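Me: I would like a close look at a single part of this structure, namely its aromatic side chains and their surroundings. Please explain the reasoning at each step, as for a first-year student.

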Amino acid sequence: DVTPTMDSVLPGDVIEFEALGHFDDGSTYDLTFWSTWLATDTTIANVSNAWGAHGEATAFSQGTTQITANKDGIVGSATL
């Protein structure tokens, strides 16, 4: 899962996304740092892969984009 899903934010807002892996044994593991992050429309927002800032998205303008976390081909996303 990638959380949170945001209905609205303002330009300049920074939102911290988190990627959680749910495994067959019932465990949950925070994959935020280990994931590669991407925003589908970087004119709306961009998301960081920088050390210590993985999953931090900065909003730029009005619109909608998907924030995606990818860990070894397993992908989750949330709407911003």
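Reply: The account below begins with the aromatic rings and then turns to other parts of the chain.

The model is a predicted one. When the whole structure is searched, two aromatic pairs are found. In one of them, the ring centres of phenylalanine 33 and tryptophan 34 are 4.8 Å apart and the planes stand at 85°. Pairing requires centres within 6.5 Å, and planes over 60 degrees apart count as edge-to-face; this pair is therefore edge-to-face. In the other pair, phenylalanine 33 meets tryptophan 51, with ring centres 4.9 Å apart and planes at 90°, so this pair is edge-to-face too. Phe33, Trp34 and Trp51 thereby belong to one aromatic cluster.

Where do phenylalanine 33 and tryptophan 51 lie along the chain? Phenylalanine 33 is in the loop between β4 (28–30) and β5 (36–39), while tryptophan 51 is in the loop between β6 (45–47) and β7 (56–59). The pair therefore ties together parts that are 18 residues apart in sequence.

The next point is how far these residues are covered. Phenylalanine 33 has a relative accessible area of 31%. Partly exposed residues fall between the limits of 20% and 50%, so phenylalanine 33 is partly exposed. Tryptophan 51 has a relative accessibility of 75% and therefore counts as exposed.

The cluster can now be placed in a wider setting. Phe33, Trp34 and Trp51, together with Phe23 and Tyr29, make a nonpolar surface patch of about 640 Å². Phenylalanine 23 belongs to the loop between β3 (18–22) and β4. With a relative accessibility of 41%, phenylalanine 23 counts as partly exposed.

A general tendency provides a useful background to this patch. In soluble globular proteins, nonpolar side chains tend to be buried together. The structure also has nonpolar cores, and the largest of them holds 14 residues. Within this core, Val2, Phe17, Trp37, Ile67 and Leu80 touch the most other members. The elements β5, β6 and β8 (66–71) each give two or more residues to the core.

Strand β5 deserves a closer look, beginning with leucine 38, which is found in this strand. Setting aside residues up to four places away in sequence, leucine 38 touches Val47, Gln66, Ile67 and Thr68. Between the C-alpha atoms of leucine 38 and serine 48 the distance is 7.9 Å, although these residues are 10 residues apart in sequence.

Threonine 36 also has its place in strand β5. Its relative accessible area is 52%, and the limit for an exposed residue is over 50%; threonine 36 is therefore exposed. Apart from neighbours within four places in sequence, threonine 36 is in contact with Asn49, Thr68, Ala69 and Asn70. From threonine 36 to glutamine 66, which is 30 residues away along the chain, the C-alpha separation is 14 Å.

The account now passes to charged side chains. How many salt bridges does the structure hold? It holds one, in which the side chains of aspartate 72 and lysine 71 meet at 3.0 Å, N to O. The two partners can be compared by their cover. Aspartate 72 has a relative accessible area of 68% and is therefore exposed, whereas lysine 71, at 26% relative accessibility, counts as partly exposed.

Aspartate 72 lies in the loop between β8 and β9 (74–79). Its backbone also merits attention: phi of aspartate 72 is near 55°, a positive value in a residue other than glycine. Glycine 73 is found in the loop between β8 and β9 as well. At 60% relative accessibility, glycine 73 counts as exposed. The C-alpha atoms of glycine 73 and glycine 26 are 20 Å apart in space, and these glycines are 47 residues apart in sequence.

One further backbone feature completes the description. Threonine 3 and proline 4 are joined by a cis peptide bond, with omega at about -5°. Proline 4 has its place in the loop between β1 (2–3) and β2 (14–16).

To return to the part requested, Phe33 is in both edge-to-face pairs, with Trp34 and with Trp51. These three residues form one aromatic cluster, and they also take part in the nonpolar surface patch with Phe23 and Tyr29.

Notes:
Residues are numbered from 1 along each chain as its sequence is written. This is a predicted model: local features need pLDDT of at least 70, side-chain atom pairs count only at pLDDT 80 or more; totals for chains, interfaces and linings use all residues. Side-chain values use heavy atoms; hydrogens and water are left out. Rings of Phe, Tyr and Trp (its six-membered ring) pair if their centres lie within 6.5 Å; planes under 30 degrees apart count as stacked, over 60 as edge-to-face and the rest as tilted. Buried means under 20% relative accessible area, exposed over 50%, partly exposed in between (1.4 Å probe, protein chains only). Helices (H or I, at least four residues) and strands (E, at least two) are DSSP runs, numbered from the N terminus. A nonpolar core is a set of buried Ala, Val, Leu, Ile, Met, Phe, Trp, Tyr and Cys residues joined through side-chain atoms within 4.5 Å. Patches are made of residues with over 30% relative accessible area and no salt bridge: like charges are joined within 9 Å, nonpolar side chains (Val, Leu, Ile, Met, Phe, Trp, Tyr) within 5 Å. Accessible areas come from the Shrake-Rupley method with a 1.4 Å probe; for residues, only the protein chains shown count as cover. A salt bridge is a side-chain nitrogen of Lys or Arg within 4 Å of a carboxyl oxygen of Asp or Glu. Contact means heavy atoms within 4.5 Å.
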